[in-house]
Amino acid sequence: MVQLLENYNDSASLQYMLIRSSLTLVDFEKQMIYLQLKYPGIREIAAQRRHSPLKISKRFTNSDLMEVIAALSAVGFFCQQDDSPATFMQITREFETLCNTSFKNPDNCRWAVLNRKNRLTHFLDTLRGTLVELSQK
């Protein structure tokens, strides 16, 4: 490929830029292979994902969980170590890990929960009712 690059005198041509980009990618791949050979455990570290023993009960759905996430995010319940507000996506990702679930599109799911016409806060109402019931025992 280097020989191809040497054959082009016009550094502004499309062919020259494509060959140069290809060479950059090949060089990057070579560096990645070198690092993987030098540090064989590096792939294992990146592949490890936290795993929780918990999951969402069959009685509930990701939409129920999103009611909680959306509300906690909106009131600023969580913050980062430096006291800056946690983003909606950070909170969502942590709940996904905690509950061994995933949201295909968290923003769409949140908007679906927020734009409901009927039973706006079904799960939160259930939580509230359960808490009231427990406190009266």
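In the predicted model, D107 and R110 lie three residues apart in helix α6, so about one helical turn separates them. Their side chains meet in a salt bridge with an N to O distance of 3.2 Å. D107 is partly exposed, its relative accessible area being 32%. R110 has a further contact, as it lies over the face of F88, at 3.9 Å from the ring centre. R110 is thus placed both in a salt bridge with D107 and over the ring of F88.

The D107 and R110 bridge belongs to a set of three salt bridges in the structure. Side chains of opposite charge can pair when their charged atoms come close. Another of these bridges is found in helix α5, where E96 pairs with R93 and the closest N and O atoms are 2.7 Å apart. E96 and R93 are three residues apart in this helix, a spacing of about one turn. The accessibility of the two partners was computed separately: E96 counts as buried because its relative accessibility, 5%, falls under the 20% limit, whereas R93, at 38%, counts as partly exposed.

A salt bridge also joins R116 to E67, with 2.6 Å between the closest N and O atoms. R116 is located in the loop between α6 (106-114) and α7 (122-135), and E67 in helix α4, so the pair ties together parts of the chain that are 49 residues apart in sequence. E67 is buried, with a relative accessibility of 3%.

Aromatic contacts were examined next. A search of the whole structure yields three aromatic pairs. In one of them, the ring centres of F77 and F78 are 5.0 Å apart and the ring planes stand at 80°, so the arrangement is edge-to-face. F78 also pairs with F95: the centres of these rings are separated by 6.2 Å and their planes by 75°, so this pair too is edge-to-face. The contact between F78 and F95 links distant parts of the chain, with F78 in the loop between α4 (62-75) and α5 (88-99), F95 in helix α5, and their positions 17 residues apart.

F77, F78 and F95 form one aromatic cluster. Its members fall into separate accessibility classes. F77 is exposed, because its relative accessible area of 55% is over the 50% limit. F78 counts as partly exposed at 32% relative accessibility, and F95 is buried, with a relative accessible area of 14%. The cluster therefore includes an exposed ring, that of F77, and a buried one, that of F95.

The model was also searched for open space. Rolling a probe the size of a water molecule over the atoms shows where empty space is left. The largest pocket has a volume of about 160 Å³. Its lining consists of L54, K55, I56, S57, F60, T61, D64, L65, V68, L98, C99 and F123. Two elements, α4 and α5, each give two or more residues to this lining. The largest share, three residues, is provided by α4. By residue class, the lining of the largest pocket comprises eight nonpolar, two polar and two charged residues.

How values were computed: Residues are numbered from 1 along each chain as its sequence is written. This is a predicted model: local features need pLDDT of at least 70, side-chain atom pairs count only at pLDDT 80 or more; totals for chains, interfaces and linings use all residues. Side-chain values use heavy atoms; hydrogens and water are left out. Rings of Phe, Tyr and Trp (its six-membered ring) pair if their centres lie within 6.5 Å; planes under 30 degrees apart count as stacked, over 60 as edge-to-face and the rest as tilted. Buried means under 20% relative accessible area, exposed over 50%, partly exposed in between (1.4 Å probe, protein chains only). Helices (H or I, at least four residues) and strands (E, at least two) are DSSP runs, numbered from the N terminus. A charge sits over a ring if NZ of Lys or CZ of Arg is within 6 Å of the ring centre and within 35 degrees of the ring normal. A salt bridge is a side-chain nitrogen of Lys or Arg within 4 Å of a carboxyl oxygen of Asp or Glu. On a 1 Å grid over the protein atoms alone, a cavity is a set of points where a 1.4 Å probe fits but cannot get out, and a pocket is an open set with protein on both sides within 12 Å along at least five of seven lines; lining residues have an atom within 4 Å of a point. Grid points are joined across faces, edges and corners, and a volume is the space filled by probe spheres set on the points. Ala, Val, Leu, Ile, Met, Phe, Trp, Tyr, Cys and Pro count as nonpolar, Asp, Glu, Lys and Arg as charged, and the others, Gly among them, as polar.
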